Amino acid sequence: MGDWLDLIYDVLFNPAAAMRSAAASPRLGFAGAAVFISFGVPGAILWLISSGDGTLAAAILLAALAAGWLVWVAAAAVFYFTAGLLGGRGQAAGMLAALALAFLPLAAATPVWTALAISRIPAKWLLGLLSGAVVGVWVLALLVVAVREAEGITTIRAVAAVFFPGAVLLAGLGSLVFLAGALIYCGW
Amino acid sequence: MAQTAKKKKIIAMASIVLVALSLAVLFACTRGGWLEGSPGKIALIHIDGIIVGGRGYSSVLFDQKGTDTVIRQLREARLDPEVKAVLLRINSPGGSVPATQEVAAEVRRVKEAGKPVVVSMGDMAASGAYWIAAMADKIYANPGTITGSIGVYFPYANWEGLYRKLGIREEKIKSGPHKDILSPERPMTAEERAIIQGMVDAMYAQFVAAVAEGRKLSPARVRELADGRIYTGSQAQELGLVDELGDFYDAVEGTAALAGLPSRPQLKEYGKVSPWALLLGPWERLSRGLDRFLTPPAGEETLMPVPMAIPARWLVPE
């Protein structure tokens with residue numbers, strides 16, 4: 001128990017050490033549980049907020065969990081590949097274990113999101129957006145650290161390994177939107 | 001060193017407890033109904049162009065929406081707990097009687113579900129479009145809106161002379177004497193005229209009954225107004241066919257007041273393409289387009305003219 005409490009502390013306050021330790025001795029069971037919590041907790045928040053509709057709420061929770069597992073495995077596969085191209089020499093299991101920890105801020109932000117949900121301040125949607133952006137940047141930074149520590153590459157290369165697939169994806173989505181716009185304009 | 005390790009464990013455990021506690025508080029708040037919910041939204045649904053049944057027709061140069069879309073939007077608004085009222089923005093010269101009746105029936109269901117329906121008339125809400133508007137709880141029109149045209153007609157063209165000039169003579173083997181009623185290559189018989197007139201009269205009576213019910217007027221009074229003429233918004237208000245003179249935003253405020261919503265309410269616009277729909281919608285559109293290409297929609301090749309609740313002069317030839 002002590003081990004994983006140390007790991008959670010390190011993810012929040014000393015992420016490089018946490019990622020290095022997770023990648024060096026990968027424990028996939030613990031990593032899977034971390035992903036479950038990281039995506040399950042925000043899913044539960046959405047579930048509680050939309051509890052007027054039971055089916056929708058259950059669908060949101062299940063979708064959040066399924067998306068979490070999918071994002072974790074897909075991101076690990078893609079980053080392992082791109083980091084490998086940039087000189088990375090880590091193990092796939094190490095990448096999986098380190099990446100799993102990078103999503104923990106999604107759960108760590110729960111007190112903030114709960115406070116916003118129950119508060120009656122008028123600009124809470126703006127604060128919600130801001131807190132979401134902060135958590136997003138935090139997760140991205142942890143992803144970079146996870147890739148760097150798991151693959152033993154420089155920070156610049158880790159940044160490239162993390163953002164290059166996203167840039168390709170954005171370009172692909174842009175093309176898709178352009179194509180969709182053309183199809184809609186043509187009356188399809 | 002040991003003290004630092006203990007401190008780390010305490011902080012990590014405290015974080016976990018804080019997360020769990022937050023979830024528990026949120027759970028208690030939602031179950032206790034203490035969460036501040038949205039006051040509700042007004043569904044904004046557009047009825048544009050000629051009212052025709054089915055899925056409509058689309059091509060590169062022409063896009064005519066069918067009433068299936070409007071009916072689906074009305075149904076979604078009725079079933080959406082977030083929607084507290086429906087605002088119909090109408091800009092239409094009318095259309096076919098059955099399509100109009102289908103939309104009017106769905107408007108009635110929205111009202112029966114306890115959600116007020118308000119109409120905001122744009123340039124024009126005549127004939128079939130007025131039929132739908134009459135079902136609403138309140139009608140707003142601009143002073144210059146063209147409305148009214150309460151009546152029904154059956155379009156029929158006799159191309160006999162043209163056919164003779166072209167040397168075309170159509171032969172028919174009929175299962176019954178009236179199977180080719182309204183055929184364009186011969187004059188209508190007196191008996192056929194009586195049949196069609198009976199149908200027009202019956203549909204006119206349905207139109208009058210709908211307006212009388214919706215506007216809370218006597219059928220006799222509606223018949224006085226329903227000689228097929230068009231009215232301006234101001235005239236229609238004086239005659240009791242419209243409630244208020246005002247623009248779209250007056251109608252929005254009026255709808256909010258009827259639904260007990262605060263001023264400047266949130267609108268949920270139906271038919272508006274969201275970024276997600278733009279991203280994911282093409283696949284549905286693509287399949288729909290292919291479907292339309294491979295299987296012509298039922299009714300597209302109909303030989304029978306459709307009874308129209310539309311001012312004849314607004315019909316634009318294709």
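These legends walk through several close-up views of a predicted model with chains A and B.

**About the model.** Because this is a predicted model, local features need pLDDT of at least 70 and side-chain atom pairs count only at pLDDT 80 or more, while totals for chains, interfaces and linings use all residues. Residues are numbered from 1 along each chain as its sequence is written, chains are lettered from A and ligands numbered from 1 in the order in which they are written, and side-chain values use heavy atoms, with hydrogens and water left out.

**View 1. Chain A is built from nine helices and has zero strands.** Helices here are DSSP runs of H or I with at least four residues, strands are E runs of at least two, and both are numbered from the N terminus. Read from that end, the elements of chain A go α-α-α-α-α-α-α-α-α. Of its 188 residues, 41% are buried (under 20% relative accessible area; exposed is over 50% and partly exposed lies in between, with a 1.4 Å probe and protein chains only). The chain has an accessible surface of about 9400 Å², and carbon and sulfur atoms account for 78% of it; such areas come from the Shrake-Rupley method with a 1.4 Å probe, and for residues only the protein chains shown count as cover. Among contacts (heavy atoms within 4.5 Å) in chain A between residues at least 6 apart in sequence, 70% link residues at least 24 apart.

**View 2. A nonpolar patch sits on the surface of chain A.** Its members are A:Ile121, A:Trp125, A:Leu126, A:Leu127, A:Leu129 and A:Leu130, and together they offer about 610 Å² of accessible area. Patches are made of residues with over 30% relative accessible area and no salt bridge, joining like charges within 9 Å and nonpolar side chains (Val, Leu, Ile, Met, Phe, Trp, Tyr) within 5 Å. A salt bridge, in turn, is a side-chain nitrogen of Lys or Arg within 4 Å of a carboxyl oxygen of Asp or Glu. If you zoom in on A:Leu127, you will find it in helix α8 (residues 124-151) of chain A. A:Leu127 counts as partly exposed because its relative accessibility is 38%.

**View 3. Chain B combines ten helices with twelve strands.** This chain has 318 residues, and 39% of them are buried. About 17700 Å² of chain B is exposed, with 59% of that supplied by carbon and sulfur atoms. Among contacts in chain B between residues at least 6 apart in sequence, 73% join residues at least 24 apart.

**View 4. Strand β6 (residues 117-126) of chain B is largely enclosed by the rest of the structure.** Nine of its ten residues are buried, so the strand earns that description. Strands pair if DSSP finds at least two bridges between them. Strand β4 (residues 83-92) of chain B runs parallel to β6(B), joined by six bridges, and B:Leu87 has B:Val118 in β6(B) as its bridge partner. With strand β7 (residues 138-141) of chain B, β6(B) pairs in the parallel sense over three bridges; here B:Val119 is partnered with B:Ile139 in β7(B). Strand β8 (residues 146-148) of chain B is also parallel to β6(B), through three bridges, and B:Met124 stands opposite B:Ile146 in β8(B).

**View 5. A right-handed β-α-β unit links β6(B), helix α4 (residues 128-134) of chain B and β7(B).** Right-handed means that, with the strands pointing away from the viewer, the path from the first strand over the helix to the second runs clockwise. On β7(B), two bridges lead to strand β10 (residues 244-245) of chain B, and the two strands run parallel. In that pairing, B:Tyr140 stands opposite B:Glu244 in β10(B).

**View 6. Two residues of chain B have a positive phi although neither is a glycine.** Most residues other than glycine have a negative phi. B:Ser127 has a phi of about 55° and sits in the loop between β6 and α4 of chain B. B:Ser127 counts as buried because its relative accessibility is 0%. B:Arg264 has a phi of about 50° and lies in the loop between α9 (248-259) and β11 (266-269) of chain B. B:Arg264 counts as exposed, at 76% relative accessibility.

**View 7. B:Phe207 lies in helix α6 (residues 190-215) of chain B.** Its relative accessible area is 0%, so B:Phe207 is buried. B:Pro219 is twelve residues from B:Phe207 in sequence, and their C-alpha atoms are 10.0 Å apart in space.
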